[in-house]
Structure formats: C-alpha cells, structure tokens
Amino acid sequence: MLGPVLLAAARSAGVRRLVSSTPVTRPVVDRYIAGERLDDAVTAVRALTGRGLEVTLDHLGEDITDPAEALRNRDAYLALCEALAALGLGERAEMSVKLSAFGQALPGGHDLALANITPVAEAAAEAGTTVTLDMEDHTTTDSTLAILRELRRRFPRTGAVLQSYLFRTEDDCRALAGEGSRVRLVKGAYKEPASVAHQRRREVDRAFVRCLGILMTGQGYPMIGSHDPRMVAIGQEMARRAGRKPGEYEFQMLYGIREAEQARLAAEGHRMRVYVPYGTDWYGYFMRRLAERPANVAFFLRSLATR
Ligand code: FAD
C-alpha cells in the first residue's frame, strides 16, 4: 500500500519541499547518493572501479519545467564527460540519462530532448564511453525508444532500459535483441495504471524472466538491472545456457544497495556495474528507493520520531 503513496509523493512539489527541508532526511539520502558535486562522483568512481566494479553515472535531475534547466543538465553531463575522459576508464565508466531532465516533457519536448542529448552522446563517444537512456513512466516510452533509434545511427553503443512491468516490453525486447543493442532490463520503478502494466509482483517477476530469456538468446548485450537474488541466479543460469561468457552480459545494481552481493558477483568474474547517482536534485530518485522497500520508510520515520 505504501509504495503507490510514495510514488505519488515523488511527483508532489509540496512533499518535495517538506522532505527536502527535513535535516534527518540527509543520512538516509546519503545511503543512495554518492554526493552533490562532480568531485564526489569522481571519488565514488575511483573507489568502485578500484574494487573491480564498473559504473554508470547519473547526474540527478528529472521532470524539469524550464528549457534553461535542460541546458544546465546538458552542461553537467558535458562536464562529467570531461571528467571521465581524464579518468580514461573507457566504458568501465558510462553515463545514464533521464530524458525528462533534457526537456522531453516540455512543449516540443521530443525534439528538444534529442537536440540536448546529442552533444552528450558525441562527447561520450569522444571520451571513449557511452550513454544509456533511463526509462521513465510509460507515457515517455515511445519517445525514448525513438530517440534511442536516432542516436544509435551515429552512436551504436547507446543503451536503453526496458521495464518488465509494462505489457509491451516483451515486444520491445524482441525489437531490441539484435546485434550491438545494449539493453538494461529492470522491473520498473514508476506508478503505472493496470491498463498498461502488471500490478502484482509475481507477474512482474515472471515477465522479467520471459524478457530476459529473449535478450539472452538474442544477439545483443543484456544488462540485468536487479537486486533480486532470484533474478540474479536466473540471469546467471540463462547466460550459461545461451553460451554467453562473462563480458557478454552484465549485472547492474544501484549505489548503496546489496553491496556485498555486488562484490561477490565481481569476485566471481561477472561484469558488475553500479549505478551511481550524484547531484542536488535527489528527491524523485530517493522517493522511488523508499517506495521499493518499506523497511527504508520505517527507518526514515524512526529518525524523524527520535529527533
Ligand atoms: P525487488 O524485488 O524490488 O528487490 C529485491 C531485493 O533487493 C529486496 O528484497 C531488497 O533486499 C533489495 N532492494 C531493492 N530495492 C531496494 C531499495 N530501494 N533499498 C534497499 N534494498 C533494496 N527503473 C526504471 O523504471 N527505469 C530505469 O531506468 C531504471 N534503472 C535502473 C538501473 C539499475 C542499475 C537498477 C538496479 C534499477 C533500475 N531501476 C529502474 C529500478 C528498477 O525498476 C526497480 O525498481 C528496482 O531495481 C527494484 O527492483 P529489483 O529488481 O531490485 O527487485
């Protein structure tokens, strides 16, 4: 019950002000966010890659309402590209972007987002790395996949995210299972209506397994974005059956979640990539993490009560 309430709150300006101004929020936020500044992100990249992990960096921002913000977000990613070029890690450090931070939801948003993301994809290619387009709510899926197709013409390493909770996703997996395609499969983190998405956990999990089967037996590069031990085990088994060696697929988990498991998979020789968010606009990302795990909310509320 709490999950949908938190997901609705993730898009409420009033709750955003309340949560963001509460000092005790900070320690809970810090579990999930590498820091507010680019330097913090670089420190996290050094630490994680030093431990044999790979990273994808997210400069936090989403649902912008002003085109000027889109330009600021683009510039933040361009600065990130420069920092990654200096680190020289190639695709061991790539970037994740939310197109709503590049103007996708504004009037003329599709073209605006494409215009703003293109220089980032160019800079990423020059820095020897690439970009993965995060997937947001279902109203954006068509536009995001169209932008992906456009970018892949010039930057074929551009990746996409597909969400197993959406009914359409098995078809999208088939369409994106071709050679050179990089797809992160996740369960999905937004509040979606029953007309477009599975509502029950078990159905989402079953769909995840079906989708993963399509990606693993295809010609592309599957990226398994889940902390769920069952999905990780199934992913390993499917990769083995499909004759894929480590490096022909990868696991991905979020910064601060199941770190021992991240280390274990890397130590076993799997490619393990950590999604590292940084920046000041952490509210929406943080609320989705609370919604995924009610125990986090209890911890957060206890901190409030003991003040
Ligand atoms: P669950 O069944 O939700 O979780 C399995 C176990 O993982 C839990 O029992 C718990 O131990 C642990 N866990 C999960 N979430 C948390 C948490 N918040 N705090 C602490 N422990 C937790 N969603 C999108 O809609 N679009 C995206 O672009 C997107 N990108 C993602 C990128 C990566 C690398 C990952 C890992 C996830 C991404 N997600 C994205 C989120 C995803 O859709 C799920 O909401 C999220 O991963 C939780 O699902 P799960 O597969 O981990 O399984």
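Eight strands close into a barrel here, and going round it you meet them in the order E1-E2-E3-E4-E5-E6-E7-E8, with parallel pairing. From one strand to the next, the twist averages 30°. Keep in mind that this is a predicted model. As for confidence, the chain has a mean pLDDT of 93, with 95% of its residues at 70 or more. The model's scores are ipTM 0.97 and pTM 0.94.

Let's zoom in on one pair in the barrel. Strand E3, covering residues 131-133, runs parallel to strand E4, residues 159-163, and two bridges join them. Across this pairing, Leu133 faces Ala160 of E4.

Now for the ligand. It has 25 residues around it, and the ones that come nearest are Asp134, Val186, Ser226, His227 and Gln252. Four elements give two or more residues each to this shell: E4, strand E5 (182-186), strand E7 (250-254) and helix H12 (283-292). Which element gives the most? That's E7, with three residues. In terms of chemistry, the shell around the ligand is a mix of ten nonpolar, seven polar and eight charged residues.

Over to a pair of helices. H5 spans residues 67-87 and H6 spans residues 109-126; their axes come within 9 Å and cross at roughly 10°. Angles under 35 degrees count as roughly parallel, so H5 is roughly parallel to H6. On the H5 side, the contact is made by Pro67, Ala70, Arg74, Tyr77, Leu78 and Cys81, while H6 brings Leu112, Asn116, Pro119, Val120, Ala123 and Ala124. What does the contact of H5 with H6 divide into, by residue class? Ten of its residues are nonpolar, one is polar and one is charged.

Here are the two sets of residues by class:

| Set of residues | Nonpolar | Polar | Charged |
|---|---|---|---|
| Shell around the ligand | ten residues | seven residues | eight residues |
| Contact of H5 with H6 | ten residues | one residue | one residue |

To pull it together: the barrel is built of eight strands with parallel pairing, E7 gives three residues to the shell around the ligand, and H5 lies roughly parallel to H6.

Notes. Residues are numbered from 1 along each chain as its sequence is written. This is a predicted model: local features need pLDDT of at least 70, side-chain atom pairs count only at pLDDT 80 or more; totals for chains, interfaces and linings use all residues. pLDDT is the predictor's confidence in each residue, from 0 to 100. Two strands pair if DSSP finds at least two bridges between them. Axes are lines fitted to C-alpha atoms, for helices over the stretch in contact, and angles run from 0 to 180 degrees between N-to-C directions. A residue is near a molecule or strand if its C-beta atom, placed from the backbone, lies within 6 Å of it. Ala, Val, Leu, Ile, Met, Phe, Trp, Tyr, Cys and Pro count as nonpolar, Asp, Glu, Lys and Arg as charged, and the others, Gly among them, as polar. Angles under 35 degrees count as roughly parallel, over 145 as roughly antiparallel, 65 to 115 as roughly perpendicular and the rest as oblique. Two residues are in contact if their C-beta atoms, placed from the backbone, lie within 7 Å.
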